[in-house]
Amino acid sequence: MAIVEVSDLRKDYGDKRAVDDVSFDVEEGEIFGILGPNGAGKTTTVECVEGLRRPDGGSVRVAGYDPAVDRHSVTRILGAQLQESELQPKITVREALELYAACYPDPADWRALTERLELTEKLSTRFAKLSGGQKQRLSIALALVGRPRIVVLDELTTGLDPRARRDTWGLIKDVRDSGVTVLLVTHFMEEAQRLCDRIALIDKGRITALDTPSGLIGRTANGTAISFTPSAPLETQLLADLPSVASVTHQDGRIVVNGTDETVHAVLSLLAGRGINAHQLRVTEATLDDAYLNLTGPDA
Ligand SMILES: Nc1ncnc2c1ncn2[C@@H]1O[C@H](COP(=O)(O)OP(=O)(O)OP(=O)(O)O)[C@@H](O)[C@H]1O
């Protein structure tokens, strides 16, 4: 069942169309990613979902409510990550959690949340003194304190070191496993590929593709490449004629055959049938990076 329904969403800032005819549904229980280059319209889109911005066209529903009209009902269902500017630098972790918990009729036990997010030892620490990773963990705790059905996390791991980023990915998966739907804005390919059940790729205000990570990768031509140096001369046309081969190129005596998984088997059997060895054999798979570069504009 869809918990978020966005249809033909449009948002302008003066003459600038930031979001242009964007439609997608987020299913309950999934991690749904919005991925795209800087200025693509990702934040504007989720701000319309959160009720922070009023759309200029189209419609948004969160569990059936229109966030622009019934923000109060949406706030009780949807947990938004705090913006750093929203917290006073001198507020302690405990004070922030108590403050946020007081905003909800039936808040979660914030002590349990801090245990889960490994913040218990930081309860008396002022916000300004927390590390980037600790601020992000507090941000997740504050987003969860109202027992939301869905959380919106916007560029949550930006600025974190690789270890803190990976720890945060683990937390996001835990959040989903506890039954909360996650709407995740990111421009990190690896993050999107590892975490998201489905991804909407946004470029210049429009959705250019919406699929599972493997579905997006599968859309790129040349999904799998096999490259090797043949032990004896080999007619390129024989390779090009194999089923599933998209292209064959030569690079410094090496042959590169692009195609699918099937191509690898077909090439190896052809070589075996002719008694040719494949030296320095490499097989490479397309990644979400390849799909992203294929599906977004040149200035992405
Ligand atoms: N308050 C605003 N006033 C005017 N233009 C804005 C405003 N907010 C965003 N924009 C413009 O709208 C477009 C979309 O911005 P948005 O922040 O939604 O993109 P984004 O994909 O989240 O980008 P980033 O990854 O850089 O955060 C950009 O061209 C941006 O400059």
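**Exercises on a two-domain model**

In this predicted model, the centres of domain 1 and domain 2, taken over C-alpha atoms, are separated by 41 Å. Local features here need pLDDT of at least 70, side-chain atom pairs count only at pLDDT 80 or more, and totals for chains, interfaces and linings use all residues. Residues are numbered from 1 along each chain as its sequence is written.

**Exercise 1.** Find the bounds of the domains, and state how many residues each supplies to the contact.

*Solution.* Begin with the domain assignment, automatic or from a database, which gives domain 1 as 2-211 and domain 2 as 219-296. Next, take two residues to be in contact if their C-beta atoms, placed from the backbone, lie within 7 Å; the contact then takes nine residues from domain 1 and six residues from domain 2.

**Exercise 2.** Determine which helix or strands supply at least two residues each to the side of domain 1 that touches domain 2.

*Solution.* Helices (H or I, at least four residues) and strands (E, at least two) are DSSP runs, numbered from the N terminus. On this side, helix H7 (189-195), strand S8 (198-203) and strand S9 (206-211) each supply at least two residues, and the largest share, three residues, comes from H7.

**Exercise 3.** Describe the protein as a whole, beginning with its secondary structure.

*Solution.* First, the secondary structure comes to 11 helices and 13 strands. Then, along its principal axes, the C-alpha trace spans about 75 × 45 × 35 Å. Finally, among contacts between residues at least 6 apart in sequence, 69% join residues at least 24 apart.
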